[in-house]
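Visitor: I should like to learn how to read a strand and a chain interface. Would you take me through an example?

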There are 2 protein chains.
Amino acid sequence: MNTAKFEEMNSIFFPRNAAVIGASPKDNYTYSLLATKIRDRLYFVNPNYGEVLGRKSYASILDIDVPIDYAVIAVPAQFVLGAVGDCIGKGVKGVHIFTSGFGETGLPEGIRLEKKLADLVKGKIRVIGPNCMGSYCPKSGLSFNPASTNVEGNIGVITQSGTFAQVFVYAGRTMNMRISKMVSYGNAVDLDCPDFLEYLADDPDTSVIALYIEGIKDGKRLRAALEYAAGKKPLVALKGGVTGAGVRVASSHTGSLAGAGQTWSTMFKQSGVVQVDDVDDLLNTAKTMSLSAIPSGNGVSIVTYSGGFAVVQSDMCVKAGLQVPQFSQKAIDELRKFVPAAGTMIGNPLDSWQLFYKYSGEGRLSDVLRIVSGEKQIHSIILQFDVIRFMTLMWGQGAEEKLEAIAGDFLAGCRYARDEAGRLVIITISLDPYTDNEMERSLSVFLRKMCEEEGFHVVPSLGEAIRTVAYMYKYAAIKNKS
Amino acid sequence: MNTAKFEEMNSIFFPRNAAVIGASPKDNYTYSLLATKIRDRLYFVNPNYGEVLGRKSYASILDIDVPIDYAVIAVPAQFVLGAVGDCIGKGVKGVHIFTSGFGETGLPEGIRLEKKLADLVKGKIRVIGPNCMGSYCPKSGLSFNPASTNVEGNIGVITQSGTFAQVFVYAGRTMNMRISKMVSYGNAVDLDCPDFLEYLADDPDTSVIALYIEGIKDGKRLRAALEYAAGKKPLVALKGGVTGAGVRVASSHTGSLAGAGQTWSTMFKQSGVVQVDDVDDLLNTAKTMSLSAIPSGNGVSIVTYSGGFAVVQSDMCVKAGLQVPQFSQKAIDELRKFVPAAGTMIGNPLDSWQLFYKYSGEGRLSDVLRIVSGEKQIHSIILQFDVIRFMTLMWGQGAEEKLEAIAGDFLAGCRYARDEAGRLVIITISLDPYTDNEMERSLSVFLRKMCEEEGFHVVPSLGEAIRTVAYMYKYAAIKNKS
């Protein structure tokens, strides 16, 4: 660990005081930072305003009489160099440049401006950006989106795309994604992916790293940083630009030399990084890594209410590199004691819709989960709980109380599977966002919350559950080889 | 066309009168059928009740003094043969047996009972099932789910899984899935997939067929029926059980001989059927086929608000067998006139978040869509409209009016692309079902409705949009070869 470098990065993520240059009553950074604990150490700079949202607005950062460690620059492109110059004069440690209009335009004047910026800052100040969302750190109060939560987590996120940074912020609200630090670093005129990887690798608050990357200036340095970080904690990466068209678009997006997809895949694998193919997979895998031990093999059991899904999902598992091994005769005999024979399938997957409605008595879902956890060929369990709409039909207003009893029972089984038997458990609760059934919606939200509070990751579809298990197994396989 | 057979099937789907045997105040068939136009020609049979929901309940179907063409049998397994015998005596044309506990149990007594049932009905009455949901036909009023809509459509659905039949029913509510006729046929003791394929192929109300199948007794007959149906209208199929584990599970689910995945894929391809891999794809492809012409090539353009998504989705397109060709210089020059250079990408994909917020003036999304439609290497267009959450933040209560103006504009562009330029257009509007932002939710519902009313298919994720376009292209390629 490079202590000096770590301290330098830490002073950016935990500034003594922070400023927004270009603050205005219509600016997102102003609102975002006023909503966090940094508000008491926050200063606004904008010569066009005497005050912004009731606070003094300084004409220049040089006029502020306390030290500023971190400044957000959100002024038009032609004023950026001046603002950065002022920050250097003020002794600011790190600036984040939100402004776009640099190299990413592909236009000569943008490329020229980016070169000038690089020359100006070299050795004098650290820069995140330009053309990016910047930093989010609930522990210090840095934020770029008024919707971000202030809840501190253990997932570190590094993304070359601003949109995906927003996706992670919203996931904090909708899927309980708990973040330690996130950075969207755009054109990377100074600080680049390896700097953030090294920092998060050493950061005691971060236990998992999620990365979205399109390209890099120094491949050798990236490889070393990936190896360093993946050697310390689980690292999951989505590479944008792995096909011909993707590479062309990535080069136009962040001006990156994206390189061949195969080269990147090999580098990830050799560095101990698990590579995913889509943004949802990046979210699901990072969150699952933050909650669960990795599975010790590729055997999956699916506990479902539907024979059709049992068939299709078995196919999906196999296509994803997993296995759906049959249960032992002993387990099947035990299950037969309380799973009705008609209209069910007693085996793996287990299809028994009746058990999902059983809110009291013996022989319930928790028993199934305990029996399945005892099977040594099963390393992960997916519980598909997609019967809420039907519950509203069958039970009406009585549904919530019964659902709570059912969830209490199956969560006991899930805890046993995870904590006693060491199995990876993922729960699916599908909910169509366009449902016309308000009760289905509120019960789904209620159930999901119960599961999340027990530390189980809930996904909205079986496909996502299967892919997440497959990535967790892929990660286990990488770790076992290294 | 076998006219006698068609008339026989038609008399089942359009019965003069219908009965529920085993009707009760707690039974779904009772509720479902009372909610449709068939209610005036509906009779209840159950010796345990004098009346059910205010209607007379007959002790036997033989006591009813009008002809019954269609009966639902929902009695315990041991009473099924008696009920079927009564139906034969009454001259019923077709029965649907909901009851499970037959061959699908894998138990000797279940297999024996199914054999007895087969022997009893042969040549005397037509049977749907047992162990299935039965029929749904909004035009006649047949239904198995109280949540089904009464809106008549043009998509015919045949499914060996009852759950997937329910999924199609809910899709009628949430994604505007418009069905002509649907049948869930379970163990297929009499009527089997080929019977329904032939019927829907000849049915003038059906213009697209969606099929979920696990296995079949007579492969040669199925192949002929697939060829016959696919020769008459688009046919999309999901085969459950294409891997070793899937085949094992399918055989336990419906007792089917599922066969090797490759054999089925070859049969589908040679018959002109497009095969999909997941239930969502079955829904999306069927609906898109019901709305749109097939694309004449595999070139896709994506109009988006995010560079990161533009990169990742270009990769996803290429992996799915599509191309993301660059625009002509002429188109790029035209786009440059109104797409800002900073923080955007002018090319294919087009990433310009600014245009999504432009609710008046010149140079808007409709202009983009017109320019893109003029590119001969582009055959399909995906519009990713995922900025509603940000609109609520930026515009607050004013958002709906502005969104309506924006949608009015881009829908004019979509209509041009579809109706004048013959392009396939798919719109994505993502909405997290667990959003905590009620305004985002209501605006998303509002926008989706506007798009659907113009006949555009809306999907909730970019992945689904890309897969749907890929399947539509696959279908086009199959048709062009045959």
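Guide: We shall consider one strand of chain B and then the contact between the two chains. Please note that this is a predicted model.

Visitor: Are the residues of strand β2 of chain B buried or exposed?

Guide: One examines each side of a strand in turn. In β2(B), residues 42-45, B:Leu42 and B:Phe44 lie on one side and B:Tyr43 and B:Val45 on the other, and all are buried. Both faces are thus covered.

Visitor: Which strands pair with β2(B)?

Guide: Strand β1 of chain B, residues 18-21, pairs with β2(B) in the parallel sense over four bridges. Strand β4 of chain B, residues 55-58, also runs parallel to β2(B), joined to it by two bridges. B:Phe44 is a useful reference point: it stands opposite B:Val20 and opposite B:Ser57 in β4(B).

Visitor: What unit do β1(B), helix α2 of chain B and β2(B) make?

Guide: Together with α2(B), residues 28-34, the two strands make a right-handed β-α-β unit.

Visitor: How is the size of an interface expressed?

Guide: It is often given as the accessible area lost when the parts come together. Here, chain A and chain B bury about 5700 Å² between them, with 61% of it on carbon and sulfur atoms. The contact involves 73 residues of chain A and 73 residues of chain B.

Visitor: How many salt bridges are found across the interface of chain A and chain B?

Guide: There are six. One of them links B:Asp436 to A:Arg173, with the closest N and O atoms 3.2 Å apart. On the side of chain A that touches chain B, α11(A) gives the most, with eleven residues.

Conventions:
Residues are numbered from 1 along each chain as its sequence is written. Chains are lettered from A and ligands numbered from 1 in the order in which they are written. This is a predicted model: local features need pLDDT of at least 70, side-chain atom pairs count only at pLDDT 80 or more; totals for chains, interfaces and linings use all residues. Side-chain values use heavy atoms; hydrogens and water are left out. Buried means under 20% relative accessible area, exposed over 50%, partly exposed in between (1.4 Å probe, protein chains only). Two strands pair if DSSP finds at least two bridges between them. A crossover is right-handed if, with the strands pointing away from the viewer, the path from the first strand over the helix to the second runs clockwise. Contact means heavy atoms within 4.5 Å. Buried area is the accessible area (1.4 Å probe) that two parts lose on being put together, summed over both. A salt bridge is a side-chain nitrogen of Lys or Arg within 4 Å of a carboxyl oxygen of Asp or Glu.
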